[in-house]
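Work through the exercises below with the sequence and the model open. Each task is followed by a solution in steps.

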Amino acid sequence: MDSKHRRKQPRLLTESERARLDEFQDSIHYSSRYSDDNFEYRHVTLPKNMLKVIPKDYFDTERGTLRILLEDEWRGLGITQSLGWEHYDTHAPEPHILLFKRTKDYN
(Lines give C-alpha, C1' and ligand atoms only; values in the text may rest on other atoms or scores of the structure.)
Protein backbone atom coordinates (compact mmCIF):
# COMPACT_ATOMS: atom_id res chain seq x y z
CA MET A 1 0.00 0.00 0.00
CA ASP A 2 1.48 3.36 -0.94
CA SER A 3 1.96 6.10 1.63
CA LYS A 4 -0.96 8.25 0.44
CA HIS A 5 -3.33 5.67 1.92
CA ARG A 6 -1.67 5.82 5.34
CA ARG A 7 -1.87 8.64 7.86
CA LYS A 8 1.15 9.68 9.87
CA GLN A 9 -0.84 10.61 12.99
CA PRO A 10 -3.88 8.70 14.21
CA ARG A 11 -7.29 10.32 13.95
CA LEU A 12 -8.86 9.16 17.19
CA LEU A 13 -12.59 8.73 17.59
CA THR A 14 -14.66 11.16 19.62
CA GLU A 15 -16.68 9.78 22.53
CA SER A 16 -19.91 9.94 20.52
CA GLU A 17 -18.32 8.17 17.52
CA ARG A 18 -17.00 5.45 19.80
CA ALA A 19 -20.40 5.02 21.47
CA ARG A 20 -22.03 4.36 18.07
CA LEU A 21 -19.51 1.55 17.43
CA ASP A 22 -19.83 -0.21 20.79
CA GLU A 23 -22.82 -2.31 19.74
CA PHE A 24 -20.75 -4.01 17.02
CA GLN A 25 -17.73 -5.05 19.09
CA ASP A 26 -19.03 -8.51 19.99
CA SER A 27 -19.77 -9.22 16.31
CA ILE A 28 -16.22 -8.63 15.03
CA HIS A 29 -14.82 -11.91 13.69
CA TYR A 30 -11.13 -12.84 13.83
CA SER A 31 -9.75 -15.43 11.43
CA SER A 32 -7.26 -18.08 12.37
CA ARG A 33 -3.66 -17.07 11.82
CA TYR A 34 -1.81 -18.20 8.71
CA SER A 35 1.77 -17.54 7.67
CA ASP A 36 4.50 -17.58 5.07
CA ASP A 37 8.27 -17.56 5.65
CA ASN A 38 8.31 -13.99 6.96
CA PHE A 39 4.91 -12.97 8.26
CA GLU A 40 1.96 -14.18 10.24
CA TYR A 41 -1.40 -13.02 8.85
CA ARG A 42 -5.02 -12.84 9.87
CA HIS A 43 -8.07 -11.08 8.64
CA VAL A 44 -10.67 -9.31 10.70
CA THR A 45 -14.26 -9.18 9.49
CA LEU A 46 -16.32 -6.24 10.67
CA PRO A 47 -20.12 -6.44 10.66
CA LYS A 48 -21.25 -4.84 7.39
CA ASN A 49 -23.56 -2.41 9.19
CA MET A 50 -20.59 -1.18 11.22
CA LEU A 51 -19.18 0.47 8.09
CA LYS A 52 -22.17 2.82 8.07
CA VAL A 53 -21.20 4.35 11.43
CA ILE A 54 -17.42 4.52 11.01
CA PRO A 55 -16.41 8.16 10.37
CA LYS A 56 -16.07 9.05 6.68
CA ASP A 57 -12.46 10.19 7.09
CA TYR A 58 -11.51 6.59 7.94
CA PHE A 59 -12.27 5.69 4.31
CA ASP A 60 -10.23 5.87 1.13
CA THR A 61 -12.70 7.48 -1.25
CA GLU A 62 -10.78 6.30 -4.34
CA ARG A 63 -11.03 2.62 -3.38
CA GLY A 64 -14.31 2.72 -1.50
CA THR A 65 -12.75 0.88 1.43
CA LEU A 66 -11.34 1.75 4.81
CA ARG A 67 -7.96 3.39 4.45
CA ILE A 68 -4.96 1.79 6.15
CA LEU A 69 -5.54 2.39 9.83
CA LEU A 70 -2.91 3.03 12.46
CA GLU A 71 -2.99 0.84 15.55
CA ASP A 72 -4.73 3.44 17.74
CA GLU A 73 -7.41 3.81 15.04
CA TRP A 74 -8.24 0.13 14.55
CA ARG A 75 -8.14 -0.48 18.30
CA GLY A 76 -10.53 2.48 18.66
CA LEU A 77 -12.98 0.67 16.36
CA GLY A 78 -13.04 -2.18 18.88
CA ILE A 79 -10.60 -4.53 17.17
CA THR A 80 -8.61 -6.35 19.85
CA GLN A 81 -5.45 -8.27 19.04
CA SER A 82 -2.14 -8.94 20.72
CA LEU A 83 0.77 -6.61 20.05
CA GLY A 84 2.65 -6.39 16.77
CA TRP A 85 -0.21 -6.50 14.27
CA GLU A 86 -0.27 -3.99 11.41
CA HIS A 87 -3.27 -3.23 9.21
CA TYR A 88 -1.79 -3.51 5.71
CA ASP A 89 -4.74 -3.78 3.34
CA THR A 90 -8.49 -4.02 2.97
CA HIS A 91 -10.12 -6.64 0.77
CA ALA A 92 -11.64 -4.33 -1.87
CA PRO A 93 -14.45 -6.68 -3.03
CA GLU A 94 -15.50 -6.97 0.63
CA PRO A 95 -14.62 -3.65 2.30
CA HIS A 96 -15.60 -4.92 5.75
CA ILE A 97 -12.61 -7.33 5.75
CA LEU A 98 -9.34 -5.87 7.06
CA LEU A 99 -6.03 -7.65 6.49
CA PHE A 100 -3.37 -7.69 9.20
CA LYS A 101 0.18 -8.98 9.41
CA ARG A 102 3.11 -9.09 11.82
CA THR A 103 6.60 -10.50 11.66
CA LYS A 104 6.59 -14.22 12.15
CA ASP A 105 9.00 -14.11 15.08
CA TYR A 106 7.29 -11.17 16.82
CA ASN A 107 7.16 -12.85 20.24
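Rings of Phe, Tyr and Trp (its six-membered ring) pair if their centres lie within 6.5 Å. The model used here is predicted.

**Exercise 1. Aromatic rings**

Task: Find which residues form one aromatic cluster, and classify the pair F39 and Y41 as stacked, tilted or edge-to-face.

Solution:
- Step 1. The count of aromatic pairs comes to four.
- Step 2. For F39 and Y41, the ring centres are 6.1 Å apart and the planes stand at 50°. Planes under 30 degrees apart count as stacked and those over 60 as edge-to-face, so this pair is tilted.
- Step 3. The aromatic cluster is made up of Y34, F39, Y41 and Y88.
- Step 4. Buried means under 20% relative accessible area. Y41, at 14%, is therefore buried, while F39, at 25%, is partly exposed.
- Step 5. Y88 also has a charged residue over its face: K101 lies 5.3 Å from the ring centre. Over the face of Y58 lies R67, at 5.0 Å from the ring centre.

**Exercise 2. The surroundings of strand β7**

Task: State which strands pair with β7 and in what sense, and decide whether β7 is largely enclosed or not.

Solution:
- Step 1. Strand β7 covers residues 97–103. Strand β3, residues 39–45, pairs with β7 in the antiparallel sense over seven bridges.
- Step 2. Strand β6, residues 86–90, also runs antiparallel to β7, and four bridges join the two. Between β6 and β7 there are six residues, and the two strands form a hairpin.
- Step 3. L98 in β7 is the bridge partner of V44 and is also the bridge partner of T90.
- Step 4. Five of the seven residues of β7 are buried, so the strand is largely enclosed by the rest of the structure.

**Exercise 3. Salt bridges**

Task: Trace the network that contains R11, then describe what the pair D89 and R63 ties together.

Solution:
- Step 1. The whole structure has eight salt bridges.
- Step 2. R11 meets E17 with an N to O distance of 2.7 Å. R11 is buried at 18% relative accessibility, and E17 is buried at 11%.
- Step 3. R11 also meets D57, at 2.9 Å from N to O. This second pair links distant parts of the chain, with R11 in the segment before α1 and D57 in the loop between β3 and β4, 46 residues apart. D57 is partly exposed at 34%.
- Step 4. D89 and R63 form a salt bridge whose closest N and O atoms are 3.3 Å apart. D89 belongs to strand β6 and R63 to the loop between β4 and β5, so the pair ties together parts 26 residues apart in sequence. D89 is partly exposed at 22%, and R63 is partly exposed at 31%.
- Step 5. Salt bridges with shared partners join R11, E17 and D57 into one network.

**Exercise 4. Residue T65**

Task: Place T65 in its strand, decide whether T65 is buried or exposed, and list the residues that T65 touches.

Solution:
- Step 1. T65 is part of strand β5, residues 65–66.
- Step 2. The relative accessible area of T65 is 0%, so T65 is buried.
- Step 3. Leaving out residues up to four places away in sequence, T65 touches F59, D60, T90, A92 and P95.
- Step 4. For a separation to check in the viewer, take T65 and E23: 42 residues apart in sequence, 21 Å apart from C-alpha to C-alpha.

Definitions and conventions. Residues numbered from 1 in each chain as written. Predicted model: local features only at pLDDT ≥ 70, side-chain atom pairs only at ≥ 80, totals over all residues. Heavy atoms only, no water. Buried < 20%, exposed > 50% of the residue type's maximum accessible area, 1.4 Å probe, protein only. Contact = heavy atoms within 4.5 Å. Pairing = 2+ DSSP bridges. Lys NZ or Arg CZ within 6 Å of the ring centre and 35° of its normal. Salt bridge = Lys/Arg side-chain N within 4 Å of Asp/Glu carboxyl O.
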